[in-house]
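Biologist: I am a first-year student and I would like a close look at a single part of this protein. Could you take me through one helix, and then show me how it fits into the rest?

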Amino acid sequence: RDLPHRFKAKYADREGIRYYEKGRFISVYYDASPIAMQQVEAEIRMNSLVLRTHHLKARNKLWYVNIAREEKNPYIQRVIAEENEE
């Protein structure tokens, strides 16, 4: 598909092309230790066909429960709102 803007590769490929206007976006979700994640990143970076990588931390509902900051925890905010209504 057409990319939203022109992507620049770190190095030119064998044909001398460095700017790309078409490509694919791929999302891969996996659960791994930090060491395994670093190994995966290293393997992806070594692949000359990959222009960019971006790792995101997967979030689940338990992540929100474990937030230490009360103003960012939606569950604590709900309890506080219920207490204020009484």
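Modeller: Here is a walk along helix H1, followed by a look at the whole protein. Please keep in mind that this is a predicted model.

Let's start with where the helix sits. The protein has three helices and two strands, and from the N terminus on, its elements run β-β-α-α-α. Helix H1 covers residues 34-46.

Next comes its length. With 13 residues at 1.5 Å a residue, H1 should span 18 Å, and its end C-alpha atoms are 19 Å apart, so the expected span and the model agree.

How many buried residues does H1 have among its 13 residues? The count is zero, so H1 is hardly covered, given that a residue has to be under 20% relative accessible area to be called buried.

Two residues of the helix deserve a closer look, and the pair is glutamate 41 and arginine 45. Their side chains meet in a salt bridge, with 3.3 Å from N to O. Why can such a pair form? Side chains of opposite charge can pair when their charged atoms come close. In H1, glutamate 41 and arginine 45 are four residues apart, which means that about one helical turn separates them. Arginine 45 is exposed, with a relative accessible area of 60%. The structure holds one salt bridge, so there is no second one to look for.

Now turn to valine 40, which is also found in helix H1. Valine 40 is partly exposed, because its relative accessible area of 31% lies between the limits for buried and exposed, 20% and 50%. This valine has company on the surface: Val40 forms a nonpolar patch with Ile26, Val28 and Tyr30, and together they have about 390 Å² of accessible area.

For a view away from the helix, try isoleucine 17, in the loop between strand E1 (2-8) and strand E2 (19-22). Isoleucine 17 is partly exposed too, with a relative accessible area of 38%. Leaving aside neighbours within four places in sequence, isoleucine 17 is in contact with Tyr11 and Ala12.

Finally, let's step back to the whole protein. Of its 86 residues, 6% count as buried. The protein exposes about 8700 Å², and carbon and sulfur atoms supply 51% of that area. Among the contacts with a separation of 6 or more, 13% are between residues 24 or more positions apart.

How values were computed:
Residues numbered from 1 in each chain as written. Predicted model: local features only at pLDDT ≥ 70, side-chain atom pairs only at ≥ 80, totals over all residues. Heavy atoms only, no water. Patch = residues over 30% accessible without salt bridge, like charges linked within 9 Å, V, L, I, M, F, W, Y side chains within 5 Å. Areas by Shrake-Rupley, 256 points an atom, 1.4 Å probe, with all protein chains shown as cover. Salt bridge = Lys/Arg side-chain N within 4 Å of Asp/Glu carboxyl O. Buried < 20%, exposed > 50% of the residue type's maximum accessible area, 1.4 Å probe, protein only. Contact = heavy atoms within 4.5 Å. Expected span 1.5 Å × (residues − 1).
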